[in-house]
Amino acid sequence: LSEMIISFESNLYDLLQNLSKDSSKNLENDFNPITIKKFIDFSKLPIIQWQRKSNKKFYSKRGVFVPIDDEITYEQTIAIYIPADRLVAKLYDDTISQLINDVKISHGLKTKRKIGTNLIVLVDGLESYLTKIKNARNREFKKSVLSNLQDDDDDDNLPSKRRRKNPEKSQLLNYNVDEIRKKIMELEVFHNSHIFIIKGYNDLKNWLFSFSYALGSNIYDKLEIHKELSNLSGVKSGISNQDTYIQILKQIKFVTESTAKKVQQDYPDIKSLVLRLQNTDKIKQVRSNVESQLRKIFTTENENEFLI
């Protein structure tokens, strides 16, 4: 952990300082032994980034670390912090995509990292905010039912009561919990981001400690250093995109390794295989029982069918 640096955008740094229960204690002490810094971002994006202080580098040919001059390198992961109410508002006005693109592209270029930088979205207080929405909608439904049950004649004799509109309540009634969860799932899929739910400052601090430890230790992890060993012990995920595709096919009944390799050669990805299966044409160099099984798995529309 002492090698790691967490840098907060200056406005986010000030916000977290205020959220800390002990506001007299600065974040530098709160996150010790991790080094804490803040930086100015003119776009004011709520960014968290990781760097590593290092005086050694792994020499793969010899399998050892060699000393180097002190240097600070950026990790390939950045995060944005966003309160739940702001996230939901951005999901509904379709501006969340712009925020994520701004972070992934402009900030990625600014720090000379690849465009494919890993992005994490830390959402503060999502579950409590969804509960708040659900409760507001339930109260409104109950109010509507009771209002309809009242006698129309009695209503005519009662003076109308005007209540001031509560903007926050009105906004909550525009949201739907199931729709929000769907939008969040789409956000992860379409933007290749990872969303983590946190509950307040202490939970955020614990998450940052845990994640920083994982980042800090990965250069000493033998399975990270030796990628060729990372999929031993029966793990069937594959060591490359091509091998993973073959491993997927091998899980299907009647598909041997040689058959899976033939399919992969003719149809280099699942999309091309599915497009072929949707036609009536036969698959090249594959037995009829294998083709029947592949067609059933990749083209069935019956969710209750036993596939494998």
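**Sheet, ring pairs and helix crossing in a predicted model**

In this predicted model, six strands form an open sheet with mixed pairing and the order 2-1-3-4-5-6.

Q: Why does one side of strand 2 and of strand 6 lack a neighbour in the sheet?
A: Strand 2 and strand 6 stand at the edges and have a single partner strand each, so one side of each is left without a neighbour. Across this sheet, neighbouring strands are turned against each other by 25° on average, direction ignored.

Q: What makes strand 1 and strand 3 a pair?
A: Two strands pair if at least two bridges are found between them. Strand 1 (residues 4-9) and strand 3 (residues 47-59) are joined by five bridges and run antiparallel, so they meet the criterion. Within strand 3, Ile48 is the residue opposite Phe8.

Q: How do you know that strand 3 and strand 4 pair, and in which sense?
A: The requirement is at least two bridges; strand 3 and strand 4 (residues 64-83) have 11, in the antiparallel sense. Opposite Gln51 stands Tyr74 of strand 4, and the bridge partner of Arg52 in strand 4 is Thr73.

Q: How many aromatic pairs does a search of the whole structure find?
A: The search finds six aromatic pairs. One of them is formed by Tyr92 and Tyr175.

Q: Why is the pair of Tyr92 and Tyr175 called tilted?
A: Rings pair if their centres lie within 6.5 Å, and these two are 4.8 Å apart, centre to centre. Planes under 30 degrees apart would count as stacked and those over 60 as edge-to-face. The planes here make an angle of 50°, which falls under neither heading, and the pair is therefore tilted.

Q: Which parts does this pair tie together?
A: Tyr92 lies in helix 3 (residues 84-92), whereas Tyr175 lies in the loop between helix 7 (167-173) and helix 8 (177-190), so the pair ties together parts that are 83 residues apart in sequence.

Q: Are Tyr92 and Tyr175 buried or exposed?
A: Buried means under 20% relative accessible area, and exposed means over 50%. Tyr175, at 3%, is therefore buried. Tyr92, at 25%, lies in between and so counts as partly exposed.

Q: What makes Lys183 a charge over the ring of Tyr92?
A: The distance to the ring centre must be within 6 Å, and the position within 35 degrees of the ring normal. Lys183 is at 5.3 Å from the ring centre and lies over the face of Tyr92.

Q: Which residues form one aromatic cluster?
A: The cluster is made up of Trp50, Phe196, Trp207 and Phe211.

Q: Why is helix 11 called oblique to helix 12?
A: The axes of helix 11 (residues 241-250) and helix 12 (residues 257-266) come within 9 Å and cross at roughly 125°. Angles of 65 to 115 degrees count as roughly perpendicular and those over 145 as roughly antiparallel. The crossing angle fits neither range, so helix 11 is oblique to helix 12. The crossing of these helices is right-handed.

Q: What is notable about phi of Phe254?
A: Phe254 has a positive phi, near 80°, and is a residue other than glycine. Phe254 belongs to the loop between helix 11 and helix 12 and, at 37% relative accessibility, counts as partly exposed.

Q: Why does Asn192 count as exposed?
A: The cut-off is over 50%, and Asn192 has 56% relative accessibility, so the residue counts as exposed. Asn192 is not a glycine, although its phi is positive at about 50°.

Note on methods
Residues are numbered from 1 along each chain as its sequence is written. This is a predicted model: local features need pLDDT of at least 70, side-chain atom pairs count only at pLDDT 80 or more; totals for chains, interfaces and linings use all residues. Side-chain values use heavy atoms; hydrogens and water are left out. Helices (H or I, at least four residues) and strands (E, at least two) are DSSP runs, numbered from the N terminus. Buried means under 20% relative accessible area, exposed over 50%, partly exposed in between (1.4 Å probe, protein chains only). Axes are lines fitted to C-alpha atoms, for helices over the stretch in contact, and angles run from 0 to 180 degrees between N-to-C directions. Angles under 35 degrees count as roughly parallel, over 145 as roughly antiparallel, 65 to 115 as roughly perpendicular and the rest as oblique. A crossing is left-handed if the near helix is turned anticlockwise from the far one by less than a right angle, and right-handed if clockwise.
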